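Hello,

Here is the structure you will be working with. My notes on what turned up follow below.

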Amino acid sequence: MSQHMPNAYAADDIPSTPGKFKSEKLPYIHRLRWYSPLSKLTFWSFLLLFLIFFFVIASPPTSSPSSSPPLDSSRRSLRTAAWGGLEWERRVRLSARIRGGTTPHRNNNLRNGLCVLVTGAAGFVGAHASMALKRRGDGVLGLDNFNDYYDQSLKRARQSQLERVGVFIVEGDINDSTLLQKLFDMVAFTHVMHFAAQAGVRYAMNNPDSYVHSNIAGLVSLLEACKFANPQPAFVWASSSSVYGLNSKVPFSERDRTDQPASLYAATKKAGEEITHSYNHIYGLSITGLRFFTVYGPWGRPDMAYFFFTKDILKGKQITIFEGPNHGTVARDFTYIDDIVKGCLGALDTTKKSTGSGGKKKGPAQYRIFNLGNTSPVGVLELVKVLEKLLKVKANKKILPMPRNGDVLYTHANITLAQREIGYKPTTDLHTGLKKFVRWYLSYYSDARKKGSW
Ligand SMILES: NC(=O)c1ccc[n+]([C@@H]2O[C@H](COP(=O)([O-])OP(=O)(O)OC[C@H]3O[C@@H](n4cnc5c(N)ncnc54)[C@H](O)[C@@H]3O)[C@@H](O)[C@H]2O)c1
């Protein structure tokens, strides 16, 4: 009972009409009560004027073209000072310009080159894909919120590398529908290459909301912008091999079941596949989902085993290696970044156009899902052996049973479909790929200036 007492007092303080304010709390208003009717009239007139001012002048404009997505006011808070202004607009247009062409505008037909919005462009895969697209002459605009899931200076370093080849990364969140609308108003993207996500399996145990924010809400926000864009872009995005979850049939084929996720991360990627399907079905968006298998390489992600093993081995720190039940090997189908990027470009180049316009479907649209793996799983112990050889340092290993934290024991891709449909053909074995990674790592971390290059 006593818990409820303060609320009872608080309720007592709330007046049922303005005249009921208690004198000791608001003496001025109390005094007004005893003045002439003229004073009352003056008071209410001021109040009315104030309300008119507040709603008419202070509120943002509500008009939005019928073909544009409605603005969600709850998301305006995502807007940061990091975007907007004439100089910013100039950089957006320049970055999105196809080599030898101009930035495609709403009513222009494109004859050559793609104009791609790359989300998560400051991330590992996004930065590599943006670089490859720009180098072959496509227009590329990046979008990234530079979150602090891992070392932000690495994201900034990737950004500087991209700036050198003319890729501008807009700083913003994919949940910011106002920003997305602005970008789609400025540039007629032919494609969206969507990498922005909360990656990592184990972090979901600390921060589950970040997965919902980026992988579910953010995805929907981006698809909404694509659905209203005119022309609608084709949408290619990063799903994950983790959708195979507890599936034990190997190698994993796109036809295998994916309804037993082992982590929240996997569940959000699976949800993404269903969500994109619904936008394909209802609004005619052309969709391609790519299930990446453990991507590694230069400029990689510090939260991944090959990366932090390298760091810890060099520091002489003990590394923990997990094993499955009955000392079973934990293995991954490690896939080198350049092979993944070729797969992404192959996917972009074979998309069919979206069929909708003005938020309405005009006909059936393409929907595809492909595995992008290496087809040769390697045990984690073997990975460490290769690193020891390349680093010329013996690792101090501790072997423990794998905890139940969302990781799966084994991944192995069947890539027949991707081979046939998008010409995907990985060519880098683990030793060759790790050699390139180690070379980059040593150069990047050799001094404070982070001098690694692409
Ligand atoms: N690297 C892998 O092994 C692997 C495997 C399977 C799937 N994937 C998927 O591939 C994609 C790229 O992975 P990565 O390894 O490059 O990860 P990454 O973390 O390096 O890149 C993701 C980028 O997205 C940005 N981002 C996150 N949420 C955002 C938001 N709400 N708005 C704007 N930007 C946001 C981050 O700042 C980051 O730079 C992800 O979708 C990931 O789930 C990666």
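C226 is buried: 26 other C-beta atoms lie within 10 Å. The cut-off for that label is 20 or more, so C226 qualifies. Bear in mind that this is a predicted model.

C226 sits in helix α8. Leaving out residues up to four places away in sequence, C226 touches V192, Q232, P233, F235 and L285. Y279 is 53 residues from C226 along the chain, yet their C-alpha atoms are separated by 9.6 Å.

Now the helix itself. α8 has 21 residues. From first C-alpha to last, α8 reaches 30 Å, close to the 30 Å expected at 1.5 Å a residue. Even so, α8 has a kink of about 35°, centred on G218. G218 is also one of the buried residues of α8. Others in that set include Y211, S214, N215, L222 and F228. What lies over the buried residues of α8? The cover includes two helices, α7 (177–186) and α9 (264–283), along with the strands β1 (115–119), β4 (191–194) and β5.

α7 deserves its own look. Of its 10 residues, 7 are buried, so α7 is largely enclosed by the rest of the structure. The buried ones are S177, L179, L180, Q181, K182, L183 and F184. Their cover includes α4 (86–96), β1, β3 (168–171) and α8. β1 is also part of the cover over α8.

Next, the ligand. There are 27 residues around it, and G120, G123, F124, A197 and A238 come nearest. Three elements give two or more residues to this shell: α5 (124–135), α8 (208–228) and β5 (234–240). Which of them gives the largest share? α5 does, with 3 residues. By class, the shell has 12 nonpolar, 11 polar and 4 charged residues.

Last, the chain as a whole. The chain holds 14 helices and 13 strands. It runs to 454 residues, and buried residues make up 41% of them. Take the contacts with a separation of 6 or more: 80% of these join residues 24 or more positions apart.

To recap, α8 links several of these points. α8 carries C226, has the kink at G218 and gives residues to the ligand shell.

Best wishes

Technical notes: Residues are numbered from 1 along each chain as its sequence is written. This is a predicted model: local features need pLDDT of at least 70, side-chain atom pairs count only at pLDDT 80 or more; totals for chains, interfaces and linings use all residues. A residue is near a molecule or strand if its C-beta atom, placed from the backbone, lies within 6 Å of it. Helices (H or I, at least four residues) and strands (E, at least two) are DSSP runs, numbered from the N terminus. Ala, Val, Leu, Ile, Met, Phe, Trp, Tyr, Cys and Pro count as nonpolar, Asp, Glu, Lys and Arg as charged, and the others, Gly among them, as polar. The expected span of a helix is 1.5 Å times one less than its number of residues. The bend at a residue is the angle between axes fitted to the seven residues ending there and the seven starting there. A residue is buried if 20 or more other C-beta atoms lie within 10 Å of its own, exposed if 12 or fewer, and partly exposed in between; C-beta atoms are placed from the backbone. Two residues are in contact if their C-beta atoms, placed from the backbone, lie within 7 Å.
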